[in-house]
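Here is a short briefing on one protein model. Keep the sequence and the structure open as you read.

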Amino acid sequence: MQISKMIPLFTFLVIACGSQSSSPELKSAVTTNHIDGFTPLSGKEKAYYAAAIEPLFRNGLGRGNFSGGILLAKNGEIVFEDYRGIYDTRTRKAIDSTTPLHVASISKTFTSAAILKLMEEGKLSLEDRVQKYLPSFPYENITIKNLLSHRSGLQKYEVFMQGTRSEAYKTKNRKGRTITRYRTIKTPLTFNGLATNRDVLNYLAMRRPALIGTPNRFYNYCNTNFAILALIVEEISGMDFPTYLTTYVFQPLGMKHSYVFSIKDSANYVPSYNYRFSPFKLEKLDCIYGDKNVYTTVRDLLLWDRALYLGTFISAKSQELAYTPYSFEKRGEKNYGLGWHLLVHPPDPTIVYHNGWWHGNTASFKRLVADTATVIIIGNNFNRAIWSAGKMSSVFTGRADTTSLDLIDQ
């Protein structure tokens, strides 16, 4: 449906439900210059999107205890953004467009792209065994692609590094069929202090926790995969992962407020908060990166989004690999590519996204590639509404979004 045909109906709806005055903090921002490589939006289109999104935000996410930033873009141009809440309750500093927040598992999109970039440069193959780059890695048949697609069978480091492990056992379901289930068993703690990626690898090498399944047999979302991928980037590039992303991604793309948090930054840790705004203290697993620990802003994530659309960091061909679904063991529209969650619901175009959650940080990065539209929301206090707020993408598609993207889709 053409925008020009939708505006009269939408105008009526806005008038009907727009008797409420807008919040004084609300900012419906519109960029004035179009981005090279995108079709520029007309003034009428910008006004339409801004007016369509504002009541959805005001009556949804904006009504609660949202503390963070939100940005919606079409054709690389911002059509709506808003900032609310407190960055640090000790200083009462407010969140604004330059405030970097932890985006948790959205960090995986950067790790995936770094690996694909090294592939384009001929420095690795996705079919390479992990042991080729990390000889102490104790599992022989796990490939880089298995890590990227969460099909390695590795256990989660947030389980085994905390003094627990997963154990498989056989049982019968209601139909009398034998099935495999997993239970958590306590084990002696073997690590204290702040863990690094190298500590995760050393634990695997020394303790060799049992795989939960044969590599490439099934999908199991596991942060260990991306912690190991960050080490591979370090081995090949000869620089630590935070420096690699700063040198090859953040600085070239103009992401001036983005960085990777590591143990070197622990003295400057600013906590995130629970829904009551009680802070989370720095804990033993908080300095592991690759799976998490990118701190950024919604505007910087838009620069990342633009670079993906335009192929200025990794090519369209490499992105096609990343957006290909690899797990079909379970029926349904949810799948996983290489560092990206996918919503596959033919004949509708595939939606590419990643959610995030760590402590109080909650984030959503939803890319409607076929519509060149994006929804970016990041917050520093635990807020489930951030994940469901991605449904505002229906403004761009003209289709109601009935998907449920929640904690398990981080």
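Which residues are buried in helix 7? They are Asn223, Thr224, Asn225, Phe226, Ala227, Ile228, Leu229, Ala230, Leu231, Ile232, Val233 and Glu234. Buried means under 20% relative accessible area, exposed means over 50%, and partly exposed lies in between (1.4 Å probe, protein chains only).

The model is predicted: local features need pLDDT of at least 70, side-chain atom pairs count only at pLDDT 80 or more, and totals for chains, interfaces and linings use all residues. Residues are numbered from 1 along each chain as its sequence is written, and side-chain values use heavy atoms, with hydrogens and water left out.

**Helix 7 and the loop before it**

- Helices (H or I, at least four residues) and strands (E, at least two) are DSSP runs, numbered from the N terminus.
- Helix 7 covers residues 223-237. Of its 15 residues, 12 are buried, so the helix is mostly covered.
- The expected span of a helix is 1.5 Å times one less than its number of residues. For helix 7 that gives 21 Å, and the end C-alpha atoms are 22 Å apart, which agrees.
- Glycine 238 comes just after helix 7 and takes a positive phi of about 75°.
- Isoleucine 212 sits in the loop between helix 6 (197-207) and helix 7. Isoleucine 212 counts as buried because its relative accessibility is 14%.
- The C-alpha atoms of isoleucine 212 and glycine 153 are separated by 5.2 Å, though the two residues are 59 apart along the chain.

**Strands 11, 12 and 13**

- Two strands pair if DSSP finds at least two bridges between them.
- Strand 12 (residues 351-358) is largely enclosed by the rest of the structure, because 7 of its 8 residues are buried.
- Strand 11 (residues 341-343) runs antiparallel to strand 12, joined by 3 bridges. Leucine 342 has valine 352 in strand 12 as its bridge partner.
- Strand 13 (residues 361-368) also runs antiparallel to strand 12, with 7 bridges. Glycine 356 has alanine 363 in strand 13 as its bridge partner.
- The hairpin of strand 12 and strand 13 has 2 residues between the strands. In this hairpin, histidine 359 takes a positive phi near 55°.

**The sheet 5-9-8**

- This open sheet has 3 strands in the order 5-9-8, with antiparallel pairing. Strand 5 (101-102) and strand 8 (259-260) are the edge strands, each pairing on one side only.
- Strand 5 pairs with strand 9 (residues 294-296) over 2 bridges. Leucine 101 has threonine 296 in strand 9 as its bridge partner.

**Arginine 84**

- Arginine 84 lies in strand 2 (residues 77-84). Arginine 84 is buried, with a relative accessible area of 14%.
- The arginine 84 side chain makes a polar contact (a pair of N or O atoms within 3.5 Å, one able to donate a hydrogen and the other to accept it; residues adjacent in sequence count only if both atoms are side-chain atoms). The partner is the backbone oxygen of glycine 62, at 3.0 Å.
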